[in-house]
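Colleague: Got a minute to walk me through this one? I'd like to go over it piece by piece.

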Amino acid sequence: MTHVLNIHTSTLHKPVDEEETGLAVCGSLRGVPQARTQFVSEAELETYDGVARCGNCFEGTGGY
Ligand SMILES: [Zn+2]
């Protein structure tokens, strides 16, 4: 599973797609420059410190 990370705020979101825009399902990355977002895999996440998962993107999905 690929996530999209807002590097600036260290917040993890679900991407609307895994190819292009880096926009989040919750819409909070709208207007955020792509230079401030990065696609990360679940494995790559372990290399980031202090990343918080977005409640809007991940709540209700279970296991988070
Ligand atoms: Zn989100």
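Colleague: How many residues of β1 are buried?

Modeller: Keep in mind that this is a predicted model. Strand β1 covers residues 2-6, and the strand is mostly covered. Of its five residues, the number buried is four.

Colleague: Which strand is joined to β1 by five bridges?

Modeller: β1 has two pairings to look at here. With β2 it pairs in the antiparallel sense over three bridges, and one of the matches there is Leu-5 with Leu-12. The other pairing is antiparallel too, with Asn-6 standing opposite Thr-37, and its five bridges lead to β3.

Colleague: Which residue in the hairpin of β1 and β2 takes a positive phi?

Modeller: The hairpin has four residues between its strands. Most residues other than glycine have a negative phi. Here a residue other than glycine has phi near 55 degrees, and it is partly exposed because its relative accessible area is 26%. That residue is Ser-10.

Colleague: On to the metal. What is the arrangement of the four donor atoms around the zinc ion?

Modeller: The protein donors are ND1 of His-13 and the SG atoms of Cys-26, Cys-54 and Cys-57, lying 2.0 to 2.3 Å from the zinc ion. To count as tetrahedral, all angles have to lie between 85 and 135 degrees. The donor atoms subtend angles of 101 to 118 degrees, so the arrangement is tetrahedral.

Colleague: How are the donor residues spaced in sequence?

Modeller: The donors link distant parts of the chain: His-13 sits in strand β2, while Cys-26 is in the loop between β2 and β3, 13 residues apart. Written out for the whole set of donor residues, the spacing is H-x12-C-x27-C-x2-C.

Colleague: Is Cys-26 buried or partly exposed?

Modeller: Compare a few donors against the cut-off, where buried means under 20% relative accessible area. His-13 comes in at 3%, so it counts as buried, and Cys-54 is buried as well, at 9%. Cys-26 has a relative accessible area of 27%, which makes it partly exposed.

Colleague: With those cysteines around, how many disulfides does the structure hold?

Modeller: A disulfide is a covalent bond between the sulfur atoms of two cysteines. Cys-26, Cys-54 and Cys-57 each give their SG to the zinc ion. The disulfide count for the structure is zero.

Colleague: Last one: which residue lies over the face of Phe-58?

Modeller: The structure holds zero aromatic pairs, but the ring of Phe-58 does have a charged partner over its face. At 5.4 Å from the ring centre, that partner is Arg-53.

Technical notes. Residues numbered from 1 in each chain as written. Predicted model: local features only at pLDDT ≥ 70, side-chain atom pairs only at ≥ 80, totals over all residues. Heavy atoms only, no water. Donors = N, O, S within 2.8 Å, 3.2 Å for Na, K, Ca; no water. Tetrahedral: all angles 85-135°; square planar, octahedral: opposite > 155°, others 65-115°. Buried < 20%, exposed > 50% of the residue type's maximum accessible area, 1.4 Å probe, protein only. Phe/Tyr/Trp six-rings, centres within 6.5 Å; stacked < 30°, edge-to-face > 60°. Lys NZ or Arg CZ within 6 Å of the ring centre and 35° of its normal. Disulfide = S-S within 2.5 Å. Pairing = 2+ DSSP bridges.
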